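This report describes the architecture of one protein chain for a reader who is new to structural work. Please keep the sequence and the model in view while reading.

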Amino acid sequence: MIELPVCDPCDLCEGMAGREARWAIIEEGEHTLTVINPWQFEVGQCCVITRRHVATLLDLSTAECGSILVAARRVAHALVETYRPLGILTFQNNGVYSGQETPHYHHHVVPRQPGSDWGIGPPQLATFDGAGRIRGTPHDPAGDALRRERVQASAQQLVETAQRIRSNLPDR
Ligand SMILES: [Zn+2]
């Protein structure tokens with residue numbers, strides 16, 4: 001049984017309903033939205049999320065599975081054009097023991113740059129101090145409060161970042 005994080009109300013559903021201040025959309029699709037991650041561990045870091053409130057990979061429809069990767073590929077092209085990163089990291093977490101913090105499907109797309117301080121993999125698997133790196137323990141972001149403070153972008157910065165990336169999306 002996969003244990004899900006608790007977040008009530010769901011912050012992603014709140015964002016889609018227009019009730020989240022730190023929220024900026026890069027692209028909308030039939031099944032997905034591509035949004036800026038309010039935690040900018042890397043500048044330009046974003047997520048493809050499902051329109052439906054479903055928690056994990058196991059809950060996705062076949063159509064959603066396809067739409068998510070198509071959207072991720074589109075924004076990856078835009079991130080390469082915008083930031084000329086060293087690499088693009090994509091990942092998603094299913095359950096608190098894999099690092100999931102919000103019980104709504106989100107697929108991370110991250111441009112990696114020199115000087116990044118969260119290692120080569122997803123943060124909870126890399127240098128994220130105190131974040132559940134002992135096998136069999138759930139992800140606990142509370143131990144990373146200082147870094148989270150530093151990487152929190154303002155609502156205005158998020159909007160500007162989203163606009164910049166959107167301007168470099170490939171044609172449909
Ligand atoms: Zn939701």
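Of the 172 residues in this predicted model, 47% count as buried. The accessible surface amounts to about 9100 Å², and carbon and sulfur atoms account for 54% of that surface.

**Overall arrangement**

The protein contains four helices and five strands. Read from the N terminus, these elements follow the order α-β-β-β-α-β-β-α-α. Contacts between residues at least 6 apart in sequence can be sorted by their separation along the chain: 63% of them join residues at least 24 apart.

**The nonpolar interior**

Which residues have the most contacts inside the largest nonpolar core? That core has 22 residues, and the ones with the most contacts within it are Ile26, Ile36, Cys46, Val109 and Ile165. Strand E3, helix H2 (62-83) and helix H4 (155-166) each supply at least two residues of this core. Helix H2 gives the most, with eight residues. Another core, of seven residues, lies apart from the largest one, and its members include Leu12, Trp23, Leu33 and Cys47.

Ile36 illustrates how a core residue is surrounded. When residues up to four places away in sequence are not counted, Ile36 touches Ala24, Ile26, Gly44, Gln45, Cys46, Leu158, Thr161, Ala162 and Ile165. Among these partners are Ile26, Cys46 and Ile165, which also appear in the list of residues with the most contacts inside the largest core.

**A buried polar residue**

Thr50 belongs to strand E3, which covers residues 46-50. Is Thr50 buried or exposed? Its relative accessible area is 0%, and because buried means under 20%, Thr50 counts as buried. A polar atom of the Thr50 side chain lies 2.8 Å from the backbone oxygen of Arg52. Leaving out residues up to four places away in sequence, Thr50 touches Met16, His31, Thr32, Leu60, Glu64, Ile68, His104 and Tyr105.

**Salt bridges**

The count of salt bridges comes to seven. The table presents three of them, with the distance between the N and O atoms.

| Pair | N to O distance | Citation |
|---|---|---|
| Arg19 and Glu14 | 3.0 Å | |
| Glu27 and Arg74 | 2.8 Å | |
| Glu64 and Arg52 | 2.7 Å | |

The pair of Glu27 and Arg74 forms a salt bridge between two elements. Glu27 lies in strand E1 (residues 25-28) and Arg74 in helix H2, so this pair ties together parts that are 47 residues apart in sequence. Glu27 is buried, with a relative accessible area of 11%. Arg74 also counts as buried, at 11% relative accessibility.

The salt bridge of Glu64 with Arg52 has its closest N and O atoms 2.7 Å apart. Since Glu64 lies in helix H2 and Arg52 in the loop between E3 and H2, the pair ties together parts that are 12 residues apart in sequence. Glu64 is buried, with a relative accessible area of 3%, whereas Arg52 counts as partly exposed at 40%. Both residues were met above in connection with Thr50: Glu64 is one of the residues that Thr50 touches, and the backbone oxygen of Arg52 lies 2.8 Å from a polar atom of the Thr50 side chain.

Which residues are joined into one network by salt bridges that share partners? They are Glu27, Arg74 and Arg172.

The remaining pair in the table links Arg19 with Glu14. Arg19 is exposed, with a relative accessible area of 55%, while Glu14 is buried, with a value of 16%. Glu14 is found in helix H1. Apart from its neighbours within four places in sequence, Glu14 is in contact with Pro9, Arg19 and Glu20.

**A nonpolar patch on the surface**

Nonpolar side chains also occur at the surface. Ile2, Leu4 and Leu58 together make a nonpolar surface patch of about 280 Å². Leu4 lies in the segment before helix H1 (11-16). With a relative accessibility of 36%, Leu4 counts as partly exposed.

Terms used
Residues are numbered from 1 along each chain as its sequence is written. This is a predicted model: local features need pLDDT of at least 70, side-chain atom pairs count only at pLDDT 80 or more; totals for chains, interfaces and linings use all residues. Side-chain values use heavy atoms; hydrogens and water are left out. Buried means under 20% relative accessible area, exposed over 50%, partly exposed in between (1.4 Å probe, protein chains only). A polar contact is a pair of N or O atoms within 3.5 Å; within protein, one must be able to donate a hydrogen and the other to accept it, and residues adjacent in sequence count only if both atoms are side-chain atoms. Contact means heavy atoms within 4.5 Å. Patches are made of residues with over 30% relative accessible area and no salt bridge: like charges are joined within 9 Å, nonpolar side chains (Val, Leu, Ile, Met, Phe, Trp, Tyr) within 5 Å. Accessible areas come from the Shrake-Rupley method with a 1.4 Å probe; for residues, only the protein chains shown count as cover. A salt bridge is a side-chain nitrogen of Lys or Arg within 4 Å of a carboxyl oxygen of Asp or Glu. A nonpolar core is a set of buried Ala, Val, Leu, Ile, Met, Phe, Trp, Tyr and Cys residues joined through side-chain atoms within 4.5 Å.
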